[in-house]
Amino acid sequence: MRHLRNLLCLFICAALLFAGCTPKHETQNYVTLQNPIPLKFGDPFLLRTADGTYYMYGTSLADGFETFKSRDLVNWESCGQVYKGGQPDQWCEDCFWAPEVYERNGRYYMFFSANYRENPDGEVENFKIGVAVSDSPEGPFTDLMDRPIFNPDYPVIDANVYFDEASGRCYLYYSRCCYKHSVESEVADSLRNAGSFPAIEESWVYGVELSSDFMHIIGEPQLLLAPPTKLNDAQAEWESRSATHGEVNRRWTEGSYLFKYGNTYYIMYSANSYMGKYYAVGYATADNPLGPFVKADNNPVLQENVSNGGTVMGTGHNMVITMPDGQLYCVYHGRMSDNPGERVVLMDRVEIDKKGKLTVCGPTVEPQQVSVE
């Protein structure tokens, strides 16, 4: 009987082999990746196209955006400048930040932040969100329209778009800037009483439905995330570090990125100054794309490690990408302790356990195996 069972096992294995049914890990192509990735970007966004090519976009140029492409995430080739702004006939004047590129129906749409040329009150920060389109991820991208998507009465940055397959709707997420947005809170009171800052400005994350042609919003934006107001709030300490350490009189909630895992919507966000060492990432969860969102009790999930003997600080403005083997990765920028004035790109594994707890396994500088196709 044992002999017959062995023969049967051999027959099944041979049949599977000839059918091309091999274990998942044997069909994947893995590369050795080591942080930082050799790209000098802020606000990185990684796009994988259908043919397995990776494109990295980010904040780097004074008058638009460039991109680099790779097949293995290790060797990168410049595609040059793929979007140029700041021309007299364009709505966007300067300060080109945080591009994100999405493929929809064979075309590529770039959402970005820039200063709006129309500025009758002479505001120092007049940022709005625009969209440009191209037939190729390598550009050239041209403005979809000669205006921003919408024009709120406050500056906005850090556009992120989520396409909800369940409903067929798409949503725009963005951050209201700190500029002229002083907010009273126990944190602000404590800093004022300590003589640190007379007032604290804040940035908040909003979400709103976006039209399918990306030319306007639908309904009123909804406030999704803001810094804590109470000193005993579990999130108050880490979200206030730039202010409490005297870097600047601002508390940020920005760089948001939304994705769905299982039946839960995760929104990741950055707090503190992107120019300082305390820039860090947290997340919140909801049952719907517009919330209400509840911040996680294990925040921050990504932060500097210099205080623990590491070499990475200023970690933030992340996005999440699913690699071919199904593993989630967090792509973000940071600063190395030996060159803190320069932003670099890093990429680390994301784990979500059975209870929905999200963990970023970083920042790392050790070699790691990553599936690329």
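What radius of gyration would a compact globule of 373 residues have, and what does the protein have? The rule gives a value near 21 Å, and the protein has 22 Å, which agrees. The model is predicted.

**Overall form**

The C-alpha trace spans about 85 × 50 × 45 Å along its principal axes. The fold holds five helices and 24 strands. Of the 373 residues, 54% are buried. Contacts reach along the chain: among those between residues at least 6 apart in sequence, 54% join residues at least 24 apart.

The accessible surface comes to about 16900 Å². Carbon and sulfur atoms account for 50% of that surface. Charged side chains number 30 positive and 48 negative. The centres of these two sets lie 6 Å apart.

**Backbone exceptions**

Two peptide bonds before proline are cis, one from G291 to P292 and one from N299 to P300. Strand β19 (294–295) is a shared landmark. P292 sits in the loop between β18 (280–286) and β19. P300 sits in the loop between β19 and β20 (312–322).

| Bond | Omega | Place of the proline |
|---|---|---|
| G291 to P292 | about 10° | loop between β18 and β19 |
| N299 to P300 | near -5° | loop between β19 and β20 |

Positive phi values turn up at two residues that are not glycine. D158 has a phi of about 60°. D158 belongs to strand β10, residues 156–164. N272 has a phi near 80°. N272 lies in the loop between β17 (264–271) and β18.

Are these two residues buried or exposed? D158 has a relative accessible area of 5%, so it is buried, the cut-off being under 20%. N272 is buried as well, with a relative accessible area of 1%.

**Around S242**

N272 leads to the next site. S242 touches N272, and also E247, V248, R250, S273 and Y278, leaving aside residues up to four places away in sequence. S242 is found in helix α5, residues 241–244. Its relative accessible area is 0%, so S242 counts as buried.

Which side chain does the side chain of S242 meet in a polar contact? The partner is E247, at 2.8 Å. E247 is thus named twice at this site, as a contact of S242 and as its polar partner.

S242 can also be placed against Y274. The two residues are 32 apart in sequence. Their C-alpha atoms are 9.5 Å apart in space.

**D325 and Y30**

Where does D325 lie? D325 is in the loop between β20 and β21 (328–336). Its relative accessibility is 18%, and buried means under 20%, so D325 counts as buried. The side chain of D325 makes a polar contact with the side chain of Y30, at 2.9 Å.

**Summing up**

The loops on either side of β19 hold P292 and P300, each following a cis peptide bond. D158 and N272 carry positive phi values, and both residues are buried. S242 touches N272 and pairs its side chain with that of E247. D325 is buried and contacts Y30 through its side chain.

Methods. Residues numbered from 1 in each chain as written. Predicted model: local features only at pLDDT ≥ 70, side-chain atom pairs only at ≥ 80, totals over all residues. Heavy atoms only, no water. Helix = DSSP H or I, 4+ residues; strand = E, 2+ residues; numbered from the N terminus. Buried < 20%, exposed > 50% of the residue type's maximum accessible area, 1.4 Å probe, protein only. Polar contact = N/O pair within 3.5 Å; in protein donor to acceptor, adjacent residues only side chain to side chain. Rg over C-alpha atoms; globule rule 2.2 N^0.38 Å. Contact = heavy atoms within 4.5 Å. Areas by Shrake-Rupley, 256 points an atom, 1.4 Å probe, with all protein chains shown as cover. Lys, Arg positive; Asp, Glu negative; His and termini not counted. Charge placed at Lys NZ, Arg CZ, Asp CG, Glu CD.
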